[in-house]
Each structure stands twice: as C-alpha cells, then as structure tokens.
Amino acid sequence: MQGRTELSRTRGELISTETRINERIRVPEVRLVGPNGEQVGIVRIEDALRLAREADLDLVEVAAQARPPVCKLMDYGKFKYESAQKARESRRNQQQTVIKEQKLRPKIDPHDYETKKGHVTRFLGQGHKVKVTIMFRGREQSRPELGFRLLQRLAEDVGELGYVEATPKQDGRNMTMVLAPNKKPQKAPRPQQEAQQEAQEPAPEPAG
C-alpha cells in the first residue's frame, strides 16, 4: 500500500514532506519495531519488507534521523485514518469549550438567584465554563464579603456539575469567579438513592 507523497522545493532540491513507507525507504538496514511495539532489532531492508508483506502490513519509517532509521510494521492507512480522527476530535473539543458569563448583584433576591443558578447549571451541563461576576455599586464596595459568600454559595449549589477553576477575585467594582464543568459525573448521590430505595422496600419475613 503506497502513501501519497507531497513534495516541496528547498534550496533547489525536492524534499518529501510525507512519511516514507515500504519501497520508498531506501537504506541498507533499519531498526525494526513490531506491530505491537516489540523490538525486533537491526535487520536488512529486504528482510523488513518481507516481514511486512508476510504480515500484510506496511513498513513505516517513524524516526528518519536515527542511525539506522527506525521503522515499524503497521497498517499505514488505518494509522492515518485514526490520526485524522483524533485531530478532528481534538479540534471539536477545543471549539466546544466556551466561557459563558453570568452577572449577579450582592443583594440579589431569591427568585433572581434561582434563575441565574439555572443558567449556570445549564451552561455547565453543556460542557461550558462559566465566569460569574458580582457587580458592586456605591456602598456595596465596602462589603466584599457579601460577594464572596454569594459566589461560595453558588459554587456549592452547582457542585454536582462543576468546580471552581478560578477562585473569587476582586477586580475594581466587580468580583469574579470561574466555574468549569466536571470531567466525570459525580457518583456521590447514587448510594444515597440506593439507600432510600432499600429503606422503602419491605423487610423480608423471618424464616419458619
């Protein structure tokens, strides 16, 4: 199986930018690595190519600068496909990481707090980070503890979905905190639910 080779011109010479595989590897001997990562040792290029054909695999140069070059037996087409898939997944994850923002007042009323908390919960559940900003006005600036306690309360209320990535910090008239989504769902509530279910189940009747 042959890979497409792209060429670029540097100092008047054509230099391959594609990994060399199979017959494109033109050296007398290589340090061979098996398909499972096992070290085969230094072998003649003819023997390495023969082993690749017998295993229905490709001989792929993975360290061209080594002496002799290091080559590995692998399915090159599958390797390129999986590498491309991982690259796309990585870019997709980076694009999905968005920082949302929610602004609160230190003396927010209970209804507004629940509304704002609902927004934060939704954002964290969607995998987004949330920057929470407490806005102080007038004399409120002399009582930063109000903002700190409010941020602390919010962090505890959404603790099942997110954690504090950046602790509360005073920034002029504002106090900010960044929440990030948990990588793994919390499993703490499950035993409690199981315990409640067990408590609701009728006790087994004594034998005899």
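The following exchange introduces two sheets of this predicted model, with the helices and cores that go with them.

Residues are numbered from 1 along each chain as its sequence is written. Because this is a predicted model, local features need pLDDT of at least 70 and side-chain atom pairs count only at pLDDT 80 or more, while totals for chains, interfaces and linings use all residues; side-chain values use heavy atoms, with hydrogens and water left out.

Visitor: In what order do the strands of the open sheet with S4 and S5 stand?
Guide: Strands (E, at least two residues) and helices (H or I, at least four residues) are DSSP runs, numbered from the N terminus. Two strands pair if DSSP finds at least two bridges between them. The pairing in this open sheet of 4 strands is mixed, and the order is S4-S3-S6-S5.

Visitor: Why is one side of strand S4 and of strand S5 left without a neighbour in the sheet?
Guide: Strands of a sheet pair through backbone hydrogen bonds, either parallel or antiparallel. Strand S4 (39–44) and strand S5 (58–63) stand at the edges, so each has a single partner strand.

Visitor: Which residue of S6 is the bridge partner of Val33?
Guide: Strand S3 (residues 29–33) and strand S6 (residues 70–74) run parallel and share 3 bridges. In S6, the partner of Val33 is Lys72.

Visitor: Which strands does helix H1 touch as it packs on the sheet?
Guide: Contact means heavy atoms within 4.5 Å. Axes are lines fitted to C-alpha atoms, for helices over the stretch in contact, and angles run from 0 to 180 degrees between N-to-C directions. Helix H1 (residues 45–54) makes about 125° with the direction of S4, and the strands touched by H1 are S3, S4, S5 and S6.

Visitor: Within what arc do the buried residues of H1 fall?
Guide: Buried means under 20% relative accessible area, exposed over 50%, and partly exposed in between (1.4 Å probe, protein chains only). In H1 the residues Ile45, Ala48, Leu49 and Ala52 are buried. Seen down the axis of H1, they line one face of the helix, because the directions from the helix axis to the C-beta atoms fall within an arc of 95°.

Visitor: Which strands stand at the edges of the open sheet with S8 and S10?
Guide: The order of this open sheet of 4 strands is S7-S8-S10-S9, with mixed pairing. Strand S7 (residues 99–104) runs parallel to strand S8 (residues 129–135) over 6 bridges, whereas S8 and strand S10 (residues 174–181) run antiparallel, also joined by 6 bridges. The strands that pair on one side only are S7 and S9 (162–171).

Visitor: What is the handedness of the unit made by S7, helix H3 and S8?
Guide: A crossover is right-handed if, with the strands pointing away from the viewer, the path from the first strand over the helix to the second runs clockwise. Helix H3 lies across S7, S8, S9 and S10, at about 170° to S7. With H3 spanning residues 110–125, the β-α-β unit is right-handed.

Visitor: Which elements give two or more residues to the largest nonpolar core?
Guide: A nonpolar core is a set of buried Ala, Val, Leu, Ile, Met, Phe, Trp, Tyr and Cys residues joined through side-chain atoms within 4.5 Å. Of the 18 residues in the largest one, Leu104, Val120, Val132, Ile134 and Leu179 touch the most other members. The elements that contribute two or more residues are H3, S8, H4 and S10.
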